[in-house]
Amino acid sequence: MAMHIREFLEADRVALITLWEACALTRPWNAPNADVDRAVTSRDATILVGTVDDVVVASVMAGHDGHRGWIYYLAVSPERQGRGHGREMMAEAELWLTARGAPKVQLMVREGNETAAAFYTALGYERQDVTVLGKWLTPSPEAE
C-alpha cells in the first residue's frame, strides 16, 4: 500500500506523538506537544505526515529560519521502516523548504546514532565542520 503525504491535522496529534515516542525521538526537555504547537502556529514551519489507510506511519518537521532550512522529527513507524518512507518524507520536506527559498537544509543527529547518520549520508547530506552549542533561556527541565 502506498503512503500518502499531507500536512499535519490536529486530529493527528496523538498518533504523531506516539510515533515519535516509538522512534525514540522524544526527550524529557522537549515536550512534544509544545513542539507541535510551535510548528503549527508558525508561518515558517510545517509538520508533514505520511499515512497508509489513514494511519500515521511517518512524519517530518521542517522549518525555515530566514537563512537555512531545518529538519526535525523524521520518523517512520518501526514496522514500516526499510520501505522508502523516510526518503519520501525527506523529499517532501526539501520541496517545502525549496518553495520558501531555503538555499540549504541542515539537521542534527545525536552522537552515536550511526544508523541515522548513514541514512542521511545516503541522501546526500554531509557532515559539517560545526559544533552545536546551546543555552537554556527558560529554566531547564533537566534541573527539575
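**Exercise 1.** In this predicted model, classify Asp37 by its relative accessibility as buried, partly exposed or exposed, and identify its salt-bridge partner.

*Solution.*
Step 1. The relative accessibility of Asp37 is 37%. Buried residues lie under 20% and exposed residues over 50%, so Asp37 counts as partly exposed.
Step 2. Asp37 forms a salt bridge with Arg13, with the closest N and O atoms 2.7 Å apart. This pair connects distant parts of the chain, since Asp37 belongs to helix α2 and Arg13 to helix α1, 24 residues apart.

**Exercise 2.** Determine the burial class of Arg13 and describe the salt-bridge network to which Arg13 belongs.

*Solution.*
Step 1. Arg13 has 13% relative accessibility and therefore counts as buried.
Step 2. Not counting residues up to four places away in sequence, Arg13 touches Phe8, Asn33, Val36 and Asp37.
Step 3. Arg13 also forms a salt bridge with Glu10, the closest N and O atoms being 2.6 Å apart.
Step 4. In the pair of Arg13 and Asp37, the closest N and O atoms are 2.7 Å apart.
Step 5. Consider next the salt bridge between the side chains of Asp35 and Arg38, at 2.4 Å from N to O. Both residues lie in helix α2, 3 residues apart, about one turn of the helix. Salt bridges with shared partners join Glu10, Arg13 and Asp37 into one network.

**Exercise 3.** Which residues of helix α2 are buried, and against which elements do the buried residues of α2 pack?

*Solution.*
Step 1. Within α2, residues 32–41, the buried residues are Pro32, Asp35, Val36 and Ala39. Because they cover an arc of only 100° around the axis, they fall on the same side of α2.
Step 2. The face turned away from the buried side of α2 carries the exposed residues Arg38 and Thr41.
Step 3. The values for the salt-bridged pair agree with this assignment: Asp35 is buried at 11% relative accessibility, and Arg38 is exposed at 52%.
Step 4. The packing partners of the buried residues of α2 are α1 (13–22), β2 (45–52), β3 (55–64) and β4 (69–76).

**Exercise 4.** Is His85 buried or exposed, and with which side chain does the side chain of His85 make a polar contact?

*Solution.*
Step 1. His85 lies in helix α3, residues 85–99, and counts as buried at 5% relative accessibility.
Step 2. Its side chain makes a polar contact of 3.2 Å with the side chain of Arg80.
Step 3. Beyond four places away in sequence, His85 touches Met3, Val76 and Arg80.

Terms used
Residues numbered from 1 in each chain as written. Predicted model: local features only at pLDDT ≥ 70, side-chain atom pairs only at ≥ 80, totals over all residues. Heavy atoms only, no water. Buried < 20%, exposed > 50% of the residue type's maximum accessible area, 1.4 Å probe, protein only. Helix = DSSP H or I, 4+ residues; strand = E, 2+ residues; numbered from the N terminus. Arc of directions from axis to C-beta. Contact = heavy atoms within 4.5 Å. Polar contact = N/O pair within 3.5 Å; in protein donor to acceptor, adjacent residues only side chain to side chain. Salt bridge = Lys/Arg side-chain N within 4 Å of Asp/Glu carboxyl O.
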